[in-house]
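Please look over the structure below. A short report on its charge pairs, its domains and a few single residues follows.

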Amino acid sequence: MRNTGALASDVRRRIEAQLADDVPWNRVLNSICTEPHPLAVEMASRAAHTNLGDVRIFRGTKRIEREVVRLLLELLGNPGGSGSLVSGGTEANLIAMLVARETARARGRLTERPEVVVSSTVHFSFTKVFHLLGLTPVVVPVDDDLRMPAKETARRIGEHTVAVVATAGSSEFGVVDAVDEIGPVVAGRGVHLHVDAATGGFIIPFARELGHDLPQFDFTVEGVDSITIDPHKYGLANVPAGAVLFRGAEDAGRFSVDSFFVDTPVHHTLLGTRPGAAAVSVYAVLEHLGRDGFRDITRTNFEVTRYLVDSLRAAGYELFAEPQLNIVVVRLPHAARISQLLESRGWIVSTSKRFGETLRLVVTRHVTRETVDEFLPALQQACQDVTAEAAVS
Ligand SMILES: *Cc1c(COP(=O)(O)O)cnc(C)c1O
């Protein structure tokens, strides 16, 4: 650290210069996160000083967090449940698995080698979680539609199983597992069913209202015990905002750590000191947009997705799978090289490590028809240039 501090104007200028080098949203096609809603940004900055790790000081902010949890439980069909606002999908999944393990312990069915049944497309955050918690994954291969098959899943449940994880909106393909089929076959087996809806949680409820043929994934499905939902993705809140929600009013309390001090309540989250700004920004968006606002945004996202799909097909590209949500995956030879070229020209897309020659494009609030119209020629140019490269070498 420097001895003498720099002028605020200097520091500001340096930070602004770096921020100006970040890629502008209208060139970002790989991210499930988007520019937060302006009211979320405004209110988060107003609450930048707040800390939900100390609810004696920040009792007003704590009230907002409780209200956010209530609103999310209501959105997911379970007003009587419990939950916590956390830093994101990773922490939410961690806490869900901790609660699953503790539930198994309480039921006297925790063995020395606890297992969790997951599909082959489960999010990589679970790799971290299993590592941290000493859980062993039992992997069910996905079916031809990239979904976790219910019967196969049920078949893998054994004496060591503490949980089953289904995904409602995979981050690679936006695929929604048939939670409505998995729930009933897991229910009654004494294992915890967790639904990772980090991506789909703020899309599917509204898309279903708009008539999209998507399976029900929330607490109205028999057997679903917990759900991860990420307000900092399609919920348009500031980073870091995730949530983990439970069916039972006491479930969130199964992971509970006491603090040193009298009058300070127990913690149910991994983080101690944590941003009240996150709760405030989620609250601002939920209250300001309401169901109508989210439905409108979802409608637009699906319209742009359709437009992107039609434009790609018209230009001769082939899709890897028919998109269920707002993630479009294109089959593309030399995908990694094309992605590199696009990045050098300002566009950020992603390519899959696991599914070979594919290009993945995410449609979220900042991606418009204009973005698609500008992107397509850039993609075609990159494809041409890479074909020319390949011919030379
Ligand atoms: C994004 C995502 C996660 C991880 O969430 P973070 O907020 O990045 O920690 C987990 N699961 C799914 C399905 C996701 O899309």
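Glu-115 and Arg-113 form a salt bridge, with their closest N and O atoms 2.8 Å apart. This model is a predicted one. Glu-115 is buried, because its relative accessibility of 13% is under the 20% cut-off. Arg-113 is partly exposed, with a relative accessible area of 45%.

The structure holds 24 salt bridges. Side chains of opposite charge can pair when their charged atoms come close. Four of the pairs are set out here.

| Salt bridge | Closest N to O |
|---|---|
| Glu-115 and Arg-113 | 2.8 Å |
| Arg-354 and Glu-172 | 2.8 Å |
| Glu-65 and Arg-274 | 3.0 Å |
| Arg-295 and Asp-292 | 3.1 Å |

Take the pair of Glu-65 and Arg-274. Glu-65 belongs to helix H3 (residues 59-75) and Arg-274 to the loop between E7 and H9, so their bridge ties together parts that are 209 residues apart in sequence. Glu-65 is buried, at 3% relative accessibility. Arg-274 is buried as well, at 11%.

The pair of Arg-295 and Asp-292 sits within one element. Both residues lie in helix H9, three residues apart, which is about one turn of the helix. Arg-295 is partly exposed, at 22% relative accessibility. Which residues join Arg-295 in a network of salt bridges? Glu-209, Arg-291 and Asp-292 do, through salt bridges that share partners.

Now the domains. The domain assignment gives domain 1 as 8-35 + 291-392 and domain 2 as 38-288. Their C-alpha centres are 28 Å apart. In the contact between them, 26 residues of domain 1 meet 34 residues of domain 2. The two domains bury about 2,600 Å² between them, and 65% of that area is on carbon and sulfur atoms. Phe-294, Gln-324 and Leu-325 supply 29% of the area that domain 1 buries against domain 2, more than any other three residues.

Polar links cross this interface too. Between domain 1 and domain 2 there are three salt bridges. Eight residue pairs are in polar contact across the interface, both residues of each pair being at pLDDT 80 or more. On the side of domain 1 that touches domain 2, helix H9 (276-314), strand E9 (327-331) and strand E11 (358-362) each supply at least two residues. H9 gives the most to that side, with eight residues. By class, the side holds 13 nonpolar, seven polar and six charged residues.

Three single residues remain. Thr-167 is part of strand E4 (residues 161-167). Is Thr-167 buried or exposed? Thr-167 counts as buried, at 4% relative accessibility. Beyond its neighbours within four places in sequence, Thr-167 is in contact with Val-122, Val-175, Val-176, Asp-177 and Asp-196.

Ser-170 is in the loop between E4 and helix H7 (179-186). Ser-170 is buried, with a relative accessible area of 4%. Leaving out residues up to four places away in sequence, Ser-170 touches Val-175 and Ile-327. Val-175 also appears among the contacts of Thr-167.

Asp-263 is placed in the loop between strand E7 (242-246) and H9. Asp-263 counts as exposed because its relative accessibility, 57%, is over 50%. The C-alpha atoms of Asp-263 and Val-55 are separated by 9.7 Å, although the two residues are 208 residues apart along the chain.

Technical notes:
Residues are numbered from 1 along each chain as its sequence is written. This is a predicted model: local features need pLDDT of at least 70, side-chain atom pairs count only at pLDDT 80 or more; totals for chains, interfaces and linings use all residues. Side-chain values use heavy atoms; hydrogens and water are left out. Helices (H or I, at least four residues) and strands (E, at least two) are DSSP runs, numbered from the N terminus. Buried means under 20% relative accessible area, exposed over 50%, partly exposed in between (1.4 Å probe, protein chains only). Contact means heavy atoms within 4.5 Å. Domain bounds come from an automatic or database domain assignment. Buried area is the accessible area (1.4 Å probe) that two parts lose on being put together, summed over both. A salt bridge is a side-chain nitrogen of Lys or Arg within 4 Å of a carboxyl oxygen of Asp or Glu. A polar contact is a pair of N or O atoms within 3.5 Å; within protein, one must be able to donate a hydrogen and the other to accept it, and residues adjacent in sequence count only if both atoms are side-chain atoms. Ala, Val, Leu, Ile, Met, Phe, Trp, Tyr, Cys and Pro count as nonpolar, Asp, Glu, Lys and Arg as charged, and the others, Gly among them, as polar.
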